[in-house]
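Biologist: I should like to learn how to read confidence and salt bridges in a model. Where should one begin?

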Amino acid sequence: LPTAELDDAMLVAGVVAGRPAALAALFDRYASVARTVVARTLGSWTDVDDVVQEVFLTVAKRCDTLRDVTALRSFVVSVAIRTARNEYRKRTVRRWVGLEAVPASRATRAHDDDVSEQVRRVYDALGEIGVEGRIAFILRRIEGYELAEAATLAGCSLATFKRRLARAEAQFEALCRADPMLCRLLEGGRS
Amino acid sequence: VTDRFDGVKRLLRDEDAVADRARHVAARARFVEAATATRPQRVRPLALVSVTVFCAAIAASAAVLVGGRATNVAPVASASVPSASTSEPTRISLPDGSTIVLAQGARGHVRDVTADGATLVLDEGTATVDVIHRPGVSWSVIAGPYRVWVTGTTFDVAWKAEPAQLRVAMKTGTVRVTGPELGDGQPVGVGEPITFSPTSAPPTAPPESVSGRETSARPPPREAHREPPWTELVDHGEHELVLKKAEAMGVADVLATRGEADLMALADAARFSGRKPLARDALLAVRRRFPGGGRAATATFLLGKLDDEAGRPSDAAGWYERYLDEARSGPLVMEASARAIAAWKRAGDTPRARAAAESYLRRFPDGPSASAAREILDR
């Protein structure tokens, strides 16, 4: 079968066997979602590709532990979250000890200046929230996962996830309300 | 339902649409090259293990380990290998995907190897342990009188017998250490390394205290004996510990006497560990003993999820609909509505699937499952 037609079970079998075509298909299928989850967790697109590499190497290495092969997408997302969370903590530590500067402006991918500014401010606001709250907000409010699945992906209980989400939402909303450009976003508009 | 964060979602999702094909192709090539290049390295340490450190039983099951598939693991639950000292850092891959790297000069052996974990007995020196977190994982490290209980994490553990001293440095996650004077155990999280010494040993400064970053846990702080709430244990991934506590108390007693928070924590621990019948019993106990509350409604939803996962879609749909009756404005209403449609559909009950779809569209005309609901009604 052409790799594009492989279902996840066949893809997993190919990845476990180390077939290059299956590895490439895995990357084609899930790089986009991994990239966005990583970028949003880190709050920046800077060096996202390096982290995504780490995500896929982990996925490839641990694919043989996947019991439910139909859950490949969730598996990739959960590895992406775990890797990004670790990277975020490493960066935070490096900033504390002065080995890494806080980026003066967050790199975004939007071409329009106004939109780019708006995206930057959203990331800045998300950056004010703790990493666990940000992960909860991203999974639920941006990626649109159901609460139960989002909690599983975040690696916590449903109750904890709901607490984190509620706190993150309140924080994020307060930050948005304090910024006229983001306030309009909450009301459904763009600048 | 209007989500006040829809504007944010749209903004960030539009940003995602800016694709860079060339960068993607380059990144893919880099990944495929790295993944195929690293594959032999996964096998090589095992060969090394078989000739240097871990002979006997591990060597006998080398084919199993090289295969790397947990499902192919031979019954090696009692496997044990003699201790040996490593002349150079040695990497060991276990059937569950976890890895141990023994530092130069470390001595130890692995026993109780199963598809769900193993026990590392560390006689001397430092080991870096990387355990993959998943339900049912059963992993521990024994060092002298101490035992480090692992649920899925990466950490360094160092043991020296004279004077007796255990040092645990977490890289990710948490572990629980049991041993002399530690009662039910002391959780250790990411941060400064923690050093444990039995009180009988003479007080000594931590071996690497020149950095000033070590923390001695001798004698164990009073907080170490505090009984952490089960919800906290579950949040730290200590599912097995919660299950062990419940079993030690007697599951029937627990279900009959513990509060609803503990019962929900027990249900979570059981679900995450693959103990579905126990999870079901705990959720039913919440419903029976604490009816009408938010947790009872959540329990109803989770009972549906359990039945869904067990391939009982009709029962699952029944629970979801019961949740919708009991928690008209609960936080899981949208999920329960969508899941009810899918469950009835899987059960082959078209009239009920249609009714559930109509109900969903009345409540959430723009919800994430609206198009699927309309599809069912259009058939």
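Modeller: Begin with pLDDT, the predictor's confidence in each residue, from 0 to 100. This is a predicted model. In chain B the mean pLDDT is 71, and 69% of the residues reach 70 or more.

Biologist: Which elements of chain B have the lowest and the highest mean pLDDT?

Modeller: Helix H4 (residues 62-67) of chain B has the lowest, 30, whereas helix H13 (residues 350-363) of chain B has the highest, 90.

Biologist: Over which residues of chain B does pLDDT stay under 50?

Modeller: Where pLDDT is low, the predicted coordinates should not be read in detail. Residues 40-84 of chain B stay under 50, and the model has 82 contacts beyond four places in sequence for them. Residues 200-226 of chain B also stay under 50, with 46 such contacts.

Biologist: How many salt bridges does the whole structure hold?

Modeller: A salt bridge requires a side-chain nitrogen of Lys or Arg within 4 Å of a carboxyl oxygen of Asp or Glu. The search finds 26 over all chains. One of them joins Arg287(B) to Glu326(B), with the closest N and O atoms 2.9 Å apart. Arg287(B) belongs to helix H9 (residues 276-289) of chain B and Glu326(B) to helix H11 (residues 313-326) of chain B, so the pair ties together parts 39 residues apart in sequence.

Biologist: Are the partners Asp307(B) and Arg312(B), which meet in a salt bridge, buried or partly exposed?

Modeller: Their N to O distance is 2.6 Å. Asp307(B) is buried, at 1% relative accessible area, while Arg312(B) is partly exposed, at 35%.

Terms used:
Residues numbered from 1 in each chain as written. Chains lettered and ligands numbered in written order. Predicted model: local features only at pLDDT ≥ 70, side-chain atom pairs only at ≥ 80, totals over all residues. Heavy atoms only, no water. Helix = DSSP H or I, 4+ residues; strand = E, 2+ residues; numbered from the N terminus. Contact = heavy atoms within 4.5 Å. Buried < 20%, exposed > 50% of the residue type's maximum accessible area, 1.4 Å probe, protein only.
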